[in-house]
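Work through the exercises below with the structure at hand. Try each task before reading its solution.

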Amino acid sequence: MVGVNDIRDINQTIFLHLIREKQPISRADIAKHTGLRPGTVSAIVNRLIKTGFVYEGTEGPSSGGRPPKNLYINAESVYVLAVDIGVSDTVFAVGDFNGRVLHQKSILTEGKP
């Protein structure tokens with residue numbers, strides 16, 4: 001059975017992917033893309049800012065009201081280590097939260113496959 005915490009985690013994951021793909025993006029744009037209410041969007045975004053995964057950057061153009069704050073992924077908040085063990089070579093890579101490969105090294109795979 002899916003609980004409130006599960007829905008919150010799913011929404012946070014959706015927001016992280018959306019912000020990463022569309023950055024810079026405002027809270028209002030997230031609400032348009034997800035169909036969630038602005039209050040719900042703000043609560044989730046504020047939680048992501050508090051955890052350090054997302055940060056507010058420049059202000060976007062105003063459409064008559066308060067200018068929106070653009071949201072960005074904090075690429076340095078999480079790093080990923082990937083290892084691809086192949087028949088002839090093994091590749092190690094380190095990437096940031098935006099999916100950029102920061103370092104990569106390849107070595108020969110020893111032994112019999």
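**Exercise 1.** Find the residue that stands opposite Phe 92, and describe how the two strands involved are joined.

*Solution.*
Step 1. This is a predicted model, and in it Phe 92 faces Lys 105 of strand 5.
Step 2. Strand 4 and strand 5 are connected by seven bridges. They run antiparallel.
Step 3. Look at the turn. The hairpin of strand 4 and strand 5 has four residues between the strands. Within this hairpin, Gly 99 has a positive phi near 90°.

**Exercise 2.** Work out the strand order of the open sheet that three strands form.

*Solution.*
Step 1. The order is 3-4-5, with antiparallel pairing.
Step 2. Strand 3 (79-85) and strand 5 (101-108) are the edge strands, since each pairs on one side only.
Step 3. On average, neighbouring strands of the sheet are turned by 10° against each other, direction ignored.
Step 4. A general point: strands in a sheet pair through backbone hydrogen bonds, in parallel or antiparallel fashion.

**Exercise 3.** Trace how strand 3 is joined to strand 4.

*Solution.*
Step 1. Count the bridges. There are seven between strand 3 and strand 4, and the two run antiparallel.
Step 2. Check the link. The two strands form a hairpin, with three residues between them.
Step 3. Name some opposite pairs. Leu 81 has Val 94 of strand 4 as its bridge partner. Ile 85 is placed opposite Thr 90, also in strand 4.
Step 4. Turn to Ala 82 in strand 3. Beyond four places in sequence, Ala 82 touches Val 91, Phe 92 and Ala 93.
Step 5. Classify Ala 82. Its relative accessibility is 36%, so it counts as partly exposed.
Step 6. Compare positions along the chain and in space. Ala 82 and Ile 14 are 68 residues apart along the chain, and their C-alpha atoms are separated by 23 Å.

**Exercise 4.** Decide whether Thr 90 is buried or exposed, and list its surroundings.

*Solution.*
Step 1. Locate Thr 90: it belongs to strand 4 (residues 89-96).
Step 2. Apply the cut-off. Buried means under 20% relative accessible area. Thr 90 has 8%, so it is buried.
Step 3. Look for a polar contact. The side chains of Thr 90 and Thr 109 make one, at 2.7 Å.
Step 4. Add the other contacts. With neighbours within four places in sequence left aside, Thr 90 is in contact with residues including Val 83, Asp 84 and Ile 85. Lys 105, Ser 106 and Ile 107 are also among them.

**Exercise 5.** Determine how helix 1 and helix 3 are oriented to each other.

*Solution.*
Step 1. Take the axes of helix 1 (residues 4-22) and helix 3 (residues 38-51). They come within 10 Å and cross at roughly 75°.
Step 2. Angles from 65 to 115 degrees count as roughly perpendicular. The two helices are therefore roughly perpendicular to each other.
Step 3. Name the residues in contact. Helix 1 contributes Arg 8, Asn 11, Gln 12, Phe 15 and Leu 16. Helix 3 contributes Val 41, Ile 44, Val 45, Arg 47 and Leu 48.
Step 4. Sort them by class. The contact has six nonpolar, two polar and two charged residues.
Step 5. Zoom in on Gln 12 of helix 1. Its relative accessibility is 17%, so it counts as buried. Not counting residues up to four places away in sequence, Gln 12 touches Ile 44, Arg 47 and Leu 48.

**Exercise 6.** Explain why strand 2 is described as largely enclosed, then examine Leu 71.

*Solution.*
Step 1. Strand 2 covers residues 69-73. Four of its five residues are buried, so the rest of the structure largely encloses it.
Step 2. Find the partner. Four bridges join strand 2 to strand 1 (residues 54-59), and the two run antiparallel. Tyr 55 stands opposite Tyr 72 of strand 2.
Step 3. Leu 71 lies in strand 2. Its relative accessible area is 0%, so it is buried.
Step 4. Leaving aside neighbours within four places in sequence, Leu 71 is in contact with residues including Ile 19, Gln 23, Pro 24, Val 45 and Val 54.
Step 5. Follow one of these. Gln 23 is 48 residues from Leu 71 in sequence, yet 6.5 Å away in space, C-alpha to C-alpha.
Step 6. Finish at the next bond. The peptide bond from Gln 23 to Pro 24 is cis, with omega near 0°. Pro 24 sits in the loop between helix 1 and helix 2 (27-34).

How values were computed
Residues numbered from 1 in each chain as written. Predicted model: local features only at pLDDT ≥ 70, side-chain atom pairs only at ≥ 80, totals over all residues. Heavy atoms only, no water. Buried < 20%, exposed > 50% of the residue type's maximum accessible area, 1.4 Å probe, protein only. Polar contact = N/O pair within 3.5 Å; in protein donor to acceptor, adjacent residues only side chain to side chain. Contact = heavy atoms within 4.5 Å. Pairing = 2+ DSSP bridges. Axes fitted to C-alpha atoms, helices over the stretch in contact; angles between N-to-C directions. Parallel < 35°, antiparallel > 145°, perpendicular 65-115°, else oblique. Nonpolar A, V, L, I, M, F, W, Y, C, P; charged D, E, K, R; others polar.
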